[in-house]
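Here are some notes on the fold, written for a colleague who has the coordinates open. Please read them alongside the model.

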Amino acid sequence: LALSAEPPASPVAETRPRLSLVPPPDRELEQRAGRFVQAVLEVTAGTRSLQQLVRVVRPDVYEEMQHRMTVLGRVRARDPRVASAGRVASIRVYKPRDDVAEVTARVVRDGRSRAVAARLEHDTDRRDPTWVCTALCWV
């Protein structure tokens, strides 16, 4: 009624669909991507073996990382300070398709920030399907 003490319910607000241009985040994939980037940081710091990533990186990415480790080994031979592994400060995951994830991360090591980008693809042809890194880029 027009004289009712309770405000009328808005039928428009109840039936209005929630619109969003951005899909909701996949928290499980974000956590997996964060663990992967952290593992890469530990490999480059020398606190984790590169061999531990062989299951989750494509062979060409593995070779690039081996080359990176060789170069870092030469630098560390000249300056033997122990490098910290650093940490993942923030991570974003975009899924252009259900089986592809594009990951961007801000990592902090010794007070300095860097960006890491990776492309993960869900490999279902394996006996144990998992996300595999097909590209890795340091900025």
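1. Strands β3 and β4 make a hairpin, with six residues lying between them; helices (H or I, at least four residues) and strands (E, at least two) are DSSP runs, numbered from the N terminus. Eight bridges connect β3 (residues 112-123) to β4 in an antiparallel arrangement, and Glu121 is placed opposite Val132 in β4.

2. This is a predicted model, in which local features need pLDDT of at least 70 and side-chain atom pairs count only at pLDDT 80 or more, while totals for chains, interfaces and linings use all residues. Residues are numbered from 1 along each chain as its sequence is written, and side-chain values use heavy atoms, with hydrogens and water left out.

3. The chain has a mean pLDDT (the predictor's confidence in each residue, from 0 to 100) of 85, with 82% of its residues at 70 or more. Among the elements, the lowest mean, 61, belongs to helix α1 (residues 11-15) and the highest, 96, to strand β2 (residues 100-109).

4. The hairpin belongs to an open, antiparallel sheet of four strands in the order β1-β2-β3-β4, where two strands pair if DSSP finds at least two bridges between them. Its edges are β1 (87-97) and β4 (130-138), each of which pairs on one side only.

5. Although β4 is an edge strand, seven of its nine residues are buried, so β4 is largely enclosed by the rest of the structure; buried means under 20% relative accessible area, exposed over 50%, and partly exposed in between (1.4 Å probe, protein chains only).
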